[in-house]
Amino acid sequence: MAASTLDAALAPALQERRRQSLYRQRRTLESSQGASVWVDGKRMVGFCSNDYLGLASHPQVIAALRAASDDYGVGSGASHLVCGHSREHHALEEELAAFCGRERALLFSTGYMANLGAITALLGRGDALFEDRLNHASLLDAGLLSGARFQRFKHNDLDHLETRLAGSDARRRLIAVDGVFSMDGDRAPLPELAAVAARHNGWLMVDDAHGFGCLGATGAGTVEHYGLNQDQVPILMGTLGKALGTFGAFVAGSEALIETLIQFARSYIYTTALPPAVAAATRTSLALVQSEPWRREHLNALIARFRRGARELGLTLMDSDTAVQPLLVGDESRALALAERLEARGYWVVAIRPPTVPAGSARLRVTLSAAHTTEQVDGLLSALTESLRAEGAR
Ligand SMILES: *Cc1c(COP(=O)(O)O)cnc(C)c1O
């Protein structure tokens, strides 16, 4: 039977993944995102969400979603170019462009699709793409799909990037980096990267999935943190499903960039637009990012507190001052065991393993949120202490 042939073909890779402690399993959430969540029937304090500002279940964002669904219904009905582009989408694009200090912005259904669409619309055969080795999978996949000559450079290594650029005679050269690296939490040196890009006639693209909303005086992200304008970072991508607490993504930049994406970005053209009510909820969320700066201040205070506490415990922190605070463990099975010990104490932290991170660098990816209290962060630190002690006594 055809089905059993399929299953037999699939089985070895599944077995191998299990054997390597790399098997992925989903947990079932029974509550909204927040500091305290119900997971598989248990209440836990969650330290793994990307809802960095606690906006995913903000009453005003929920109310905006509800009100807009009364006006616009649920589904958008079609792609943006057919008949799915609503007034809410349009207004959100204008507000995102203004917030980021860019001429225009274009909404995509997800960040993955934004990266795929932007890179494949800008590059093709004969062009060159330079990516940090630790870039998000969507940037790497976009590079492969584009057909451009695709080279990676060592993490945050400007000299290595310059060497690669100097060795390229491609007509179009795009340098793409995460603004804040998703599994490490450190920032890309954007001012220096912008200077390298200018020197070598390259275009800099920043994926600010983890900086947007959190970094910069007003929350406009890593480019605001460094004070970089549209000339220095001509292609800015941000996501709405993390700090903004809703769903979707955008690319911001010049009029010509956005028009090019509308004409040529296949993941923009050939997909259904986001529900308009989600765009409306995001407009409220974007307003809250600006009107409730205490969320960023509280988050930063928690980050400092966690790092101080972890250092006192002798834990291996990574070089991060953002909401992503991974604890490097190394071995996959040890990372899983530690996550289980934390869970037994009521704390939900996910063990991140290869291929999401390089081999031998499994980690507990702790993420902090403005929704957490200082007591919850202290509680996590105590649970970490106990888990490590229990591990030692094994
Ligand atoms: C989450 C993430 C994406 C993908 O965004 P989605 O909206 O979740 O598809 C892209 N880049 C980075 C760096 C991310 O962390």
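Against which helix do the buried residues of helix 2 pack? In this predicted model, they pack against helix 12 (276-291).

**Helix 2**

Helix 2 comprises 14 residues (residues 59-72). At 1.5 Å a residue the helix should span 20 Å, and its end C-alpha atoms are indeed 20 Å apart, which agrees with that expectation. Val61, Ala64 and Ala68 are the buried residues of this helix. Viewed down the axis of helix 2, the buried residues fall within an arc of 55°, so they line one face of the helix. On the other side of helix 2, Pro59, Arg66 and Asp70 are exposed. Glycine 73, just after helix 2, adopts a positive phi of about 75°.

**The three-stranded sheet**

An open sheet is formed by three strands in the order 10-13-12, with antiparallel pairing. Strands 10 and 12 are the edge strands, each of them pairing on one side only. On average, neighbouring strands of this sheet are turned by 35° against each other, direction ignored. Helix 14 packs on the sheet and touches strand 10, strand 12 and strand 13. The direction of helix 14 makes about 35° with that of strand 13.

The residue ranges of the sheet strands and of the packing helix are as follows.

| Element | Residues |
|---|---|
| Strand 10 | 324-330 |
| Strand 12 | 350-352 |
| Strand 13 | 362-367 |
| Helix 14 | 332-344 |

Strand 12 and strand 13 run antiparallel and are joined by three bridges. Valine 350 has arginine 365, in strand 13, as its bridge partner.

Methods:
Residues numbered from 1 in each chain as written. Predicted model: local features only at pLDDT ≥ 70, side-chain atom pairs only at ≥ 80, totals over all residues. Heavy atoms only, no water. Pairing = 2+ DSSP bridges. Helix = DSSP H or I, 4+ residues; strand = E, 2+ residues; numbered from the N terminus. Axes fitted to C-alpha atoms, helices over the stretch in contact; angles between N-to-C directions. Contact = heavy atoms within 4.5 Å. Expected span 1.5 Å × (residues − 1). Buried < 20%, exposed > 50% of the residue type's maximum accessible area, 1.4 Å probe, protein only. Arc of directions from axis to C-beta.
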